[in-house]
Amino acid sequence: MTSGGGATGATSQGAPWRARGPRGLLLRWGLPRDPHASRHVTAFLVVTVLTVLVTRGALAATGFPQVGGPGLHVSHVLWGGLLLGLAVLLALSFIGPVVRPLVVLVGGIGFGLFVDEIGKFVTEDYDYFYGPTAMLVYVSVVALALVGEVLTGRRRAVPSERLAAAVDQAVAGVAGGFSPRVREHAQDLLGAAQGVPGHDEAAALVATVRPDGSELPDPVAAVSHGVVRLSRRLVSAAWVPRVAVVTIAGTALLGVARGLWLARDGGTAGWVVGALLAGGAATTAACVAGLLADDRERAFTWFRRAVLVSLLITQVALLRIEEWVGYAGLALDVVLLGLVAAELDVLREREHGGADGAGDGGTGGTRGTGDGAPARVR
């Protein structure tokens, strides 16, 4: 079998592949998506942003020291490049899912150190303190997030991708064994891949993996699950979603007011003023649409859109005006987005009888390798 899988094969039940329906281009190229791709991409970008903040804060606290001898300056972009190279080396050296969290952390730190120096690469005088640097860093992160969303978030994983993920999990298990949690996860993936060619063979492989009670740490999964649990615990208090909505609307109105003030005062680039006004107005309109929605799930869908507009438009303008104020606003929007997303998850599970848990297991377990709320938001 080739990685592209272009040949027509038979399923374990004898049905031809073409009877199972057409495959997308990526699957024909042998590129199934990792069910945990969104979590890994998000973690990579979070580590990138944290690296930038820690680097800039540490440099400011120490007076921006220069590392090197006479006539030399070892920029931290070099360390970033080395860590990015190390992340690629790790990804190329090991198979299976266990190495990916390490690649996320090493690559995220490396990219953060690299992109923090973007001001030097877009100015003639190699200016690290170039004013729009914070905005350019944020735009770079948002662009990568959007690319990740296009690649992994536009549609749910198809059964053949679930099967590929189960086999990928088995790669680590063959070498080091399965903990009970990871075996359950692999079996969930197999259960979502019924009827896919190779299912029975993959199930037999998973069944042969020896048990191992040890769990390897996976900081990416641990933090991700911790954030989800905390968010759900917070939204279980009826007042938290309401405060979140009020905060979203309040910050939107402040953005509009800030834009009007800058427009009257003059001296600020027109696109910055326009972004503040447009972003604030669109966020406010989305909040109003949510408040007028006739059911709670639709309402919080609008509130999520409101926060996304703020993240994609308003925060870009704020980061251009004041770096640290912009970062504070960005942090607030991320928290609000998490709370709104948690409330949406709870509402959808309640409506549809539970979430799809097939892709929610961790990879770190291999060894060696609210209440009924009224429809409107009040």
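This is a short tour of the model, stop by stop, with what to select at each one.

**Before you click**

You're looking at a predicted model, where local features need pLDDT of at least 70, side-chain atom pairs count only at pLDDT 80 or more, and totals for chains, interfaces and linings use all residues. Residues are numbered from 1 along each chain as its sequence is written, and side-chain values use heavy atoms, with hydrogens and water left out.

**Whole chain**

Start with a cartoon view. The protein chain has 14 helices and 0 strands, where helices (H or I, at least four residues) and strands (E, at least two) are DSSP runs numbered from the N terminus. Switch to a surface: about 19800 Å² is accessible, 66% of it belonging to carbon and sulfur atoms. Those areas come from the Shrake-Rupley method with a 1.4 Å probe, and for residues only the protein chains shown count as cover. Of the 378 residues, 39% count as buried; that means under 20% relative accessible area, with exposed over 50% and partly exposed in between (1.4 Å probe, protein chains only).

**Phe64 and its ring partner**

Now select Phe64, in the loop between H2 and H3. Its phi is near 50 degrees, a positive value in a residue other than glycine. Phe64 counts as partly exposed, at 35% relative accessibility.

Which aromatic neighbours should you look for? By the rule used here (rings of Phe, Tyr and Trp, the last by its six-membered ring, with centres within 6.5 Å; planes under 30 degrees apart are stacked, over 60 edge-to-face, the rest tilted), the count comes to 8 aromatic pairs. Add Phe129: the centres of the Phe64 and Phe129 rings are 4.9 Å apart and their planes are at 80 degrees, so this pair is edge-to-face. Phe129 lies in the loop between helix H5 (118-121) and H6, so the pair ties together parts that are 65 residues apart in sequence.

Phe129 itself is exposed, at 52% relative accessibility. Next, pick Tyr128: its ring and that of Phe129 have centres 5.3 Å apart and planes at 85 degrees, so they are edge-to-face too. Tyr128 is buried, with a relative accessible area of 8%.

**Charges over rings**

Stay on Tyr128 and show Arg56. The charged end of Arg56 sits over the Tyr128 ring, 4.4 Å from its centre; the cut-offs are NZ of Lys or CZ of Arg within 6 Å of the ring centre and within 35 degrees of the ring normal. For another case, jump to Trp302, where Arg305 lies over the face at 4.6 Å from the ring centre.

**Tyr126 and the Phe cluster**

Back in the loop between H5 and H6, select Tyr126. Tyr126 isn't a glycine, yet it has a positive phi of about 55 degrees. With a relative accessible area of 44%, Tyr126 is partly exposed. Then select Phe44, Phe111, Phe114 and Phe121, which ring pairs link into a cluster.

**Helix H6**

Select residues 133-152. These 20 residues should span 28 Å (1.5 Å times one less than the number of residues), and the end C-alpha atoms are 29 Å apart, which agrees. Among the buried residues of H6 are Met135, Tyr138, Val142 and Gly148.

**Last stop: Gly338**

Finish in helix H14 (residues 323-352) with Gly338, which is partly exposed at 27% relative accessibility. Measure across to Leu230: Gly338 and Leu230 are 108 residues apart in sequence and 9.8 Å apart in space, C-alpha to C-alpha.
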